[in-house]
Amino acid sequence: GMQLLRRVRRRVVHVDELLDLLQAQPQPLAAQGQLQPRAVAMRIDAVAAAARRVLHELSAPILVNGLKLTVGASIGIAMCPEDGRDAADLLQRGDAAMLRAKEDRGAYKFFDSSIDEELKSKAALETELRAAIPNGDIVPYFQPVVRLDTGELSGFEVLARWPHQEHGMIPPASFIPVAEDAGLVDAMFWALLAQACRKALDAPGDFSLAVNISPSQVRDQWFPEKVLRTLRESGFPAHRLEVEVTESAMIGDIQRAKSSLMSLKNQGVRVALDDFGTGYSSLFLLRALPIDKLKIDRSFVATLTAERENATIVRALVGLGNALGLHVTAEGVEDNETADALRVMGCEFAQGYLFGPAVESPVYVQGQLRASA
Ligand code: C2E
Ligand code: CA
Ligand code: CA
């Protein structure tokens, strides 16, 4: 690792000389405070050329102990004075451009007005979110999970929703990443869990609740204790709770994830591996971690009946889960044909629009399911 870094640094130092050269170029002349268009264009060309050089230099394989390794980079560019005049502004904008560049891997990207718009709306959303969470504006919705063999309700997945006065219902995909970046996802989670437990206790039946947890929460050593405290305070029994984690949340510090999940499990909380099949799908994780359930991602399930390959993958994943003694839920079941196919494969649970979308109250859904059974 160190050797590789050292070699990369040497290349970057080499590139530094190139940047010095760039700086040594005469500054474009400002005419009445405005940059001359031609001078600007020349400067942009020179910067772009430098960026291409950097990427090129870095992309050549590096030989370390006989191993051929490749590294890459993404470059974001902010220009002074067009994109800002002080270092903080320029760094922030360069950073935003870099994130854009990362989407294409190994690319460079100039800051532009579309990135600016995105930054502004993200900042606005963050400000609103900061107030919305303590206000209780983020609410739990409940999506039914059913047993495939009997069609009976097994429980609900709790999904965050933000009913917004101006923008209507904001889906979690729009605000959870913002909450994560702003360090707000934990506060949001506790408010949601408490609300969800209360609503579940108001509904008849001893169905289970599944909650989604973020990567940062898997790494928080106090997380299990805080879960138990919330359960105690609300009176919701631990054996009715399930936490859903993604594989990527556990990569990096498997030991810590393991001890966190173990303490939850020791208290009776179950653990489900979410979006199974899309991440690393490391079979090692299945053995290393105390997992009770696999949730097969809807990208495989949705096209199960149309694409033979996906049917094969789903059958293999269901078989794997069953063989390891794990429960299996298929997500994103939208039609009867898919439900039938899953039942034949031996899949235990299913969730999807066929059985119902996430709704405000678990009581309502129970009535609905009974009606359609
Ligand atoms: P997920 O955990 O994979 O949740 C399932 C998503 O699939 C939900 O979207 C659900 O509405 C949607 N879905 C369910 N059935 C169907 C179907 O039949 N067809 C299709 N096309 N979609 C279906 P939603 O509610 O927009 O949630 C998106 C993601 O946001 C979730 O994916 C989860 O990763 C995250 N999320 C939601 N609530 C929370 C939360 O409270 N905390 C955290 N950390 N993440 C959350
Ligand atoms: Ca989930
Ligand atoms: Ca999922």
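**Exercise 1. Contacts along the chain**

Task: Find what share of the contacts between residues at least 6 apart in sequence join residues at least 24 apart.

Solution.
- Take the contacts in the protein chain of this predicted model.
- Keep pairs at least 6 apart in sequence; 65% of these join residues at least 24 apart.
- Add the secondary structure: the chain has 15 helices and 15 strands.
- Add burial: 43% of the 373 residues count as buried.
- Finish with the surface. The accessible area is about 20400 Å². Carbon and sulfur atoms hold 52% of that area.

**Exercise 2. The calcium ion of ligand 2**

Task: List the protein donors of the calcium ion (ligand 2) and place them along the chain.

Solution.
- Start with the donors. They are E157 (OE), N212 (OD1), E244 (OE) and D274 (OD).
- Read the distances: these donors lie 2.1 to 2.3 Å from the ion.
- Write the spacing along the chain as E-x54-N-x31-E-x29-D.
- Place two of the donors. E157 sits in strand β8 (residues 153-164), and E244 sits in strand β11 (residues 241-246). The two are 87 residues apart, so this pair links distant parts of the chain.
- Check burial against the cut-off of under 20% relative accessible area. E157 has 5%, so it is buried. E244 has 2%, so it is buried too.

**Exercise 3. The second calcium ion and the bridge**

Task: Which residues coordinate the calcium ion (ligand 3), and which residue bridges it to the calcium ion (ligand 2)?

Solution.
- List the coordinating atoms. D274 (OD) and D275 (OD) take part, and E331 (OE) is listed twice.
- The distances run from 2.2 to 2.7 Å.
- Along the chain the donors follow D-D-x55-E.
- Compare with the donors of ligand 2: D274 (OD) is among them.
- D274 is therefore the bridge between the two calcium ions. The ions lie 3.8 Å apart.
- Now test exposure. D274 has 6% relative accessibility, so it counts as buried. D275 has a relative accessible area of 26%, so it is partly exposed.
- Look at the backbone of D275. This residue is in strand β12. Its phi is positive, about 50°, although it is not a glycine.

**Exercise 4. The shell around ligand 1**

Task: Describe the residues around ligand 1 and say which element gives the largest share of the shell.

Solution.
- Start with the count. There are 20 residues around ligand 1. Q143, R161, R298, E334 and Y353 come nearest.
- Sort the shell by class: 8 nonpolar, 5 polar and 7 charged residues.
- Go to the polar contacts with nitrogen atoms of the ligand. An N or O atom in the side chain of E334 is 2.5 Å from a nitrogen atom of ligand 1. For the side chain of Q143, the distance is 2.9 Å. For a polar side-chain atom of S214, it is 3.1 Å.
- Work out the cover. On its own, ligand 1 has 800 Å² of accessible area, and the protein covers 81% of it.
- Trace the shell to elements. Those giving two or more residues are β8, α5 (172-181), α6 (185-202) and β12 (270-276).
- The largest share, 4 residues, comes from β8.

**Exercise 5. Two threonines in helices**

Task: Are T230 and T338 buried or exposed?

Solution.
- Locate T230 in helix α8 (residues 223-234). Its relative accessibility is 11%, so it counts as buried.
- List its contacts beyond four places in sequence: W190, L193 and A194.
- Locate T338 in helix α14 (residues 336-345). Its relative accessibility is 1%, so it counts as buried.
- Beyond four places in sequence, T338 touches V301, L304, T305 and V333.

**Exercise 6. Backbone features in two loops**

Task: Which residues does a cis peptide bond join, and where does R105 lie?

Solution.
- Find the cis bond. It joins C80 and P81, with omega about 10°.
- Place P81 in the loop between β5 (75-77) and α3 (87-104).
- Move on to R105, in the loop between α3 and β6 (108-110).
- Check phi at R105. It is positive, about 55°, although the residue is not a glycine.
- Check exposure. The relative accessible area of R105 is 72%, over the 50% cut-off, so R105 is exposed.

How values were computed
Residues are numbered from 1 along each chain as its sequence is written. Chains are lettered from A and ligands numbered from 1 in the order in which they are written. This is a predicted model: local features need pLDDT of at least 70, side-chain atom pairs count only at pLDDT 80 or more; totals for chains, interfaces and linings use all residues. Side-chain values use heavy atoms; hydrogens and water are left out. Donors are N, O and S atoms within 2.8 Å of the metal (3.2 Å for Na, K and Ca); water is not among the atoms, so sites may look incomplete. Buried means under 20% relative accessible area, exposed over 50%, partly exposed in between (1.4 Å probe, protein chains only). A residue is near a molecule or strand if one of its heavy atoms lies within 4 Å of it. A polar contact is a pair of N or O atoms within 3.5 Å; within protein, one must be able to donate a hydrogen and the other to accept it, and residues adjacent in sequence count only if both atoms are side-chain atoms. Accessible areas come from the Shrake-Rupley method with a 1.4 Å probe; for residues, only the protein chains shown count as cover. Ala, Val, Leu, Ile, Met, Phe, Trp, Tyr, Cys and Pro count as nonpolar, Asp, Glu, Lys and Arg as charged, and the others, Gly among them, as polar. Contact means heavy atoms within 4.5 Å.
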